[in-house]
Amino acid sequence: MTLRKDSGGSMELGECTMNPGYQDAEDGGSAADPVEKNQDLAEEYTQIKPYAGMPKEVLLLYSSQARYRVPREILFWLIVVCTLALVALTVTVIALSPRCLSWWQASPVYQVYPRSFRDSDGDGVGDLKGIQEQLHHFEYLNIKSVWISSFYRSPMKDFGYDVEDFRAIDPLFGTMLDFEELLAEMHNKGMKLIMDFIPNHTSDRHRWFNLSRTGDPHYKDYYVWTDCNATAPKPNNWVSIFGNSSWTYDDLRGQCYLHQFLKEQPDLNFRNPHVRQEIIDIIHFWLGKGVDGLRMDAVKHILEAEHLRNEPQVDPKQPPEDVTTEWELYHDYTTSQLGLHDMLREWRAEMDIYSREPGRYRFMVTESYDYHEVEKTMMYYGTPQVKESDFPFNFYLMDLPQNPSGMWVKHLVHLWMGNMPKGQWPNWVVGNHDGSRIASSAGQIYVRVINMLLLTLPGTPTTYYGEEIGMENINVTDSQIQDPAGKYNSSASRDPQRSPMQWSDDTNAGFNTNSNITWLPVHPDSSSVNVEVQKKEPGSVLAQYRFLNTLHQSELPLHRGWFCYVHADANVFSYLRELEGLGRAFLMVLNFGKESAITDLSSIRELPDRLKVLMSTTHVNSGKVLQKSHIPTEVGEGLLIQYSTHTRFNPTHPDQCSVSEKACYLSAVDILYKC
């Protein structure tokens, strides 16, 4: 309201509005025309500037003036343009960015054989708590992926690979609570746990087998049974991995059952849909607990031909009754049968359900020794349309000791790289719980250069416990043999490569300090070859392994760049790792021969004339500057050379180079992009 004076000088109240056009006309009058009102308003406020708390009529009046309107419109359109540009840039970056590496691609896989890693309770056998006590070792090495071999409840006829209960931990290794605590602690430290999965067979003490023996209607066909009797010839000539017939007569059922491994490991019948569902349920059980990956054991044996025909003999002239080993037959009917890959893809699909959780991809790796039939191994990658395993284990480098030379190593590397489907991810294994330690089979002199090879090749390396310090096989007498395979044939014993881990020069090499019991003898060299001693030596096998692993994970050319063959001869294998757009690359010169060598790479014009050694496995040679025409190496020496260049080798040598997924580096904004 406002006070106003009438013509007679008296005061009266009036409505407090600055726009008389909004007032009702008195004496039946109508509202003023809006245009006229705005003109009146403009005249009324020509002397008044904008002020805080002004009514909306005044605000609207001034906001329509050019000096206020134009900046506002410019700012609005700038925001629109910037938003659109940001969206376009984001879409472009996403579209051009290569796929990020998953956790199983970014770190070596470290295999722990639980019986031999660390004994926490003094019974002489390693256990889950012992593994948890040593997680700091993986942190020290910058290991993010840990594969733990079988720890299921088992009668231990094959040390855990004869499973009595797929949902229980064997008391020898601890309890389910111990496992859950280990898994939680690993996840807290940013590590992933891969566990063994053993689908082909169970223990003969498994509940399913006992029910199948008695003819239970539901479990009757859970295993592969066929008619035979105790005295007549076996159903066919199939032999087990451990030798002799794959068939054993069961007195209770009155039939023979199939076992491609020990007779205490009967094969499951995967042509029974109930068996397939049981296995899927077990996969869900462990993934539901948070396990990050599964290693599918002995997958090529999962299915057998239903007709049960005799397999062809390698030597047709050999008397059939003399065929007792797997090497004497072509396994046309007991391995890699039609339907195998469909089943593996089904398991992969089940695992992918759990991979939908952000940051929790579930990894699947398959184990299949296909030897010279590398094309069979490559099938486990799946197809471009249907995914199978992330990779099948590559065991070909385990043959390196057969012929130590540069040409032989190149052949073994190319056996995988030359046959791997386009766009897939390679991997490398030089030792495991079934094969001799590489330090013993190849020789201690080659341990360092083999580690350099593993950690500079493209893909994921697998390290068997102890390889990072150069552990060797132990000598096991006949009376000390623990391995069931060794009890059948002492020369086939796998005990030598399973000796206790060498942590320190304490009692039992630090494997067990609570008692003087170890399930296998500790290696005599453990006082000098152990983790604690090598931590103090800058040129030790352990120090070099740690340096190479850290470099592999931090340098783009090493973990996702091009791989190019440069040179191979009787002694030296040499290759490049480079990335488009990055001003540095790496040259490896590795001597696997039996004599020192001088390598001449002067024909490689993409290399600078002078090369500086970033690391040599012979510690005193690190830092040396060499001419590319004269690169000396001793037996078992490896050189890692970093050099600066903007000239790439791969564009002019496409037949010598490969990469899983091509990417380029843009230094201006420090990003990778597809190119």
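# Helix packing and sheets: a chat

Analyst: Let's start with a helix pair: Val447, Arg448, Asn451, Met452, Leu455 and Thr456 of α15 touch Val541, Gln544, Tyr545, Leu548, Asn549 and His552 of α18. Contact here means heavy atoms within 4.5 Å. This is a predicted model, where local features need pLDDT of at least 70, side-chain atom pairs count only at pLDDT 80 or more, and totals for chains, interfaces and linings use all residues. Residues are numbered from 1 along each chain as its sequence is written, and side-chain values use heavy atoms, with hydrogens and water left out.

User: Thanks! How do the residues of that α15 and α18 contact divide into nonpolar, polar and charged?

Analyst: There are six nonpolar, five polar and one charged. Nonpolar covers Ala, Val, Leu, Ile, Met, Phe, Trp, Tyr, Cys and Pro; charged covers Asp, Glu, Lys and Arg; the others, Gly among them, are polar.

User: And at what angle do α15 and α18 pack?

Analyst: About 15°, with the axes of α15 (residues 447-456) and α18 (residues 541-554) 9 Å apart. The two helices are therefore roughly parallel to each other, and α15 passes α18 in a right-handed crossing.

User: What are the cut-offs behind those words?

Analyst: Angles under 35 degrees count as roughly parallel, over 145 as roughly antiparallel, 65 to 115 as roughly perpendicular and the rest as oblique. Axes are lines fitted to C-alpha atoms, for helices over the stretch in contact, and angles run from 0 to 180 degrees between N-to-C directions. A crossing is right-handed if the near helix is turned clockwise from the far one by less than a right angle, and left-handed if anticlockwise. Helices (H or I, at least four residues) and strands (E, at least two) are DSSP runs, numbered from the N terminus.

User: Nice. How do α10 and α11 cross?

Analyst: The axes of α10 (residues 273-288) and α11 (residues 340-355) come within 10 Å and cross at roughly 30°. That makes α10 roughly parallel to α11, and their crossing is right-handed. Their contact residues divide into nine nonpolar, two polar and three charged.

User: Which residues meet there, from α10 and α11?

Analyst: On the α10 side they include Arg276, Ile279 and His284, and on the α11 side Glu346, Trp347 and Tyr354 are among them.

User: Switching to sheets: what is the order of the seven strands in the open sheet?

Analyst: The order is β21-β20-β23-β18-β17-β16-β24, with antiparallel pairing. Strands pair if DSSP finds at least two bridges between them. β21 (625-627) and β24 (657-658) are the edges with a single partner strand each, so one side of each has no neighbour in the sheet.

User: How many bridges pair β20 with β21?

Analyst: Three, in the antiparallel sense, and Arg610 stands opposite Gln627 in β21.

User: Which strands does α13 lie across?

Analyst: Helix α13 (residues 406-417) lies across β16, β17 and β24, running at about 150° to β16.

User: What about the three-strand sheet, what order is that?

Analyst: That open sheet runs β8-β10-β9 with antiparallel pairing, and its twist averages 35° from one strand to the next. Three bridges join β8 to β10 (residues 255-258), and Trp225 has Tyr257 in β10 as its bridge partner.

User: Last one: where does UniProt put the "transmembrane region"?

Analyst: The unreviewed UniProt entry lists residues 74-96; such annotations may be inferred rather than shown by experiment. In the model, that span is 100% helix and 0% strand, with end C-alpha atoms 32 Å apart.
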